[in-house]
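Reader: I would like to go through this model in short steps. Please reason each answer through and finish on the value or name I ask for.

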Amino acid sequence: MADKPQWLIREDASVPVLVALALRQSLGIRVPDDLPSLRDLPVRAPDAVEVTPALEKQWREYWDMTIEPRAHPSEVPLELIDGFDTLVALPASGAEELAAAIAPQAASALHFARGAHDRYVASIRSSMGNRSTGGSIGGEAYRAYASAIAEFERDVGRRAHSFELNVQVLPFSQRGIWWVGALTVAVTDGLRRDVVSFDAAIRPIIAELA
């Protein structure tokens, strides 16, 4: 008997991802161009350094390592950056401008990221009847993806192929869903809570992978 296709979906509001986006906003970095700003966070701190091409490039490399670390390993050893606990590690060489620029933003970025993550966890626990969650799919969250996969299978007349998808649920100022890696999408938290709209938004994503 052939093995059944397997699908693995991880959903989270990762603190390292939120920190990276908070730093992007406080520094005034615009890449990725299509990603909106975060709610309840000032756009570029008044004392932020001027964004140079080198700074933007270093942040983008840090972002890629943060969002999909296995797909974007560093070519040089990583070093933890003071003030960020274990949440930010940059290449020991080649990221000096970024390391200097983010140092003054550590406290505000951590405060924002941890608060946003805690709100996500609270919303998941509420929908799951206060059962614990460790970033895996369960309860209502599982059903949202299973429904979209079942709909895809009905549309194409076959079983979905095995696939992997990471979903980052983030407090963006605009409603939508964006590819941020080869196997990773970011979705606005408000859209994620809207069952009907999220089902319609995630279906094309699953169709690309399955």
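Author: One cut-off first: buried means under 20% relative accessible area, and exposed means over 50%, with partly exposed in between. The model is predicted.

Reader: Is Asp189 buried or exposed?
Author: The relative accessible area of Asp189 is 13%. The limit for buried is under 20%. Asp189 therefore counts as buried.

Reader: Which residue forms a salt bridge with Asp189, and how far apart are the closest N and O atoms?
Author: Asp189 lies in helix α6, residues 189–193. Its partner lies in the loop between α1 (15–27) and α2 (53–67), 150 residues apart from Asp189. That partner is partly exposed, with a relative accessible area of 31%. It is Arg39, with the closest N and O atoms 2.8 Å apart.

Reader: Where do Arg70 and Glu164 lie, and how many residues apart are they in sequence?
Author: Arg70 and Glu164 form a salt bridge, with the closest N and O atoms 3.1 Å apart. Arg70 lies in the loop between α2 and β2 (78–80), and Glu164 lies in strand β4. The pair therefore ties together parts of the chain whose separation in sequence is 94 residues.

Reader: Is Arg70 buried or exposed?
Author: The relative accessible area of Arg70 is 69%. The limit for exposed is over 50%. So Arg70 is exposed.

Reader: Which residues are linked in a network of salt bridges?
Author: Arg70 and Glu164 pair with each other. The network also takes in Arg10. The members are Arg10, Arg70 and Glu164.

Reader: Where do Asp199 and Arg203 lie, and what is the N to O distance of their salt bridge?
Author: Asp199 and Arg203 both lie in helix α7. They are 4 residues apart, about one turn of the helix. Asp199 is buried at 15% relative accessibility, while Arg203 is partly exposed at 26%. Their side chains meet in a salt bridge with an N to O distance of 2.2 Å.

Reader: How many salt bridges does the count come to?
Author: The pairs include Asp189 with Arg39. Asp199 with Arg203 is another one of them. The count comes to 11.

Reader: Now the rings. How many aromatic pairs are there, and why is the pair of Trp7 and Phe163 stacked?
Author: The count comes to 4 aromatic pairs. The ring centres of Trp7 and Phe163 are 6.5 Å apart, and their planes meet at 10°. Planes under 30 degrees apart count as stacked. So the pair is stacked because its angle is 10°.

Reader: Which strands hold Trp7 and Phe163?
Author: The two rings are 156 residues apart in sequence, so their pair ties together distant positions. Trp7 is partly exposed at 28%, and Phe163 is buried at 7%. Trp7 lies in strand β1 (residues 7–12), and Phe163 lies in strand β4 (residues 163–170).

Reader: Which aromatic pair is edge-to-face at 90° between the planes?
Author: Its ring centres are 5.6 Å apart. One ring lies in helix α5 (residues 139–156) and the other in helix α7 (residues 195–209), 53 residues apart. The α5 residue is buried at 0%, and the α7 residue is buried at 1%. The pair is Tyr145 and Phe198.

Reader: Which charged end sits over the ring of Phe198?
Author: Phe198 is buried, with 1% relative accessibility. The charged end lies 4.3 Å from the centre of its ring. It belongs to Arg192.

Reader: Which strand do 6 bridges join to β1?
Author: The two strands run parallel. Asp12 stands opposite Gln168 in the partner. The partner is β4.

Reader: Which strand pairs with β4 over 5 bridges?
Author: The pairing is in the parallel sense. Val169 stands opposite Val187 in that strand. It covers residues 184–188 and is β6.

Reader: How many of the residues of β4 are buried?
Author: Phe163 in β4 is one of the buried residues, at 7%. The strand is largely enclosed by the rest of the structure, because the count of buried residues is 7 of the 8.

Reader: How many helices and strands are there, and what percentage of the residues counts as buried?
Author: The protein has 7 helices and 6 strands. From the N terminus on, they run β-α-α-β-β-α-α-α-β-β-β-α-α. Of its 210 residues, the percentage that counts as buried is 45%.

Definitions and conventions
Residues are numbered from 1 along each chain as its sequence is written. This is a predicted model: local features need pLDDT of at least 70, side-chain atom pairs count only at pLDDT 80 or more; totals for chains, interfaces and linings use all residues. Side-chain values use heavy atoms; hydrogens and water are left out. Rings of Phe, Tyr and Trp (its six-membered ring) pair if their centres lie within 6.5 Å; planes under 30 degrees apart count as stacked, over 60 as edge-to-face and the rest as tilted. Buried means under 20% relative accessible area, exposed over 50%, partly exposed in between (1.4 Å probe, protein chains only). A charge sits over a ring if NZ of Lys or CZ of Arg is within 6 Å of the ring centre and within 35 degrees of the ring normal. Two strands pair if DSSP finds at least two bridges between them. A salt bridge is a side-chain nitrogen of Lys or Arg within 4 Å of a carboxyl oxygen of Asp or Glu.
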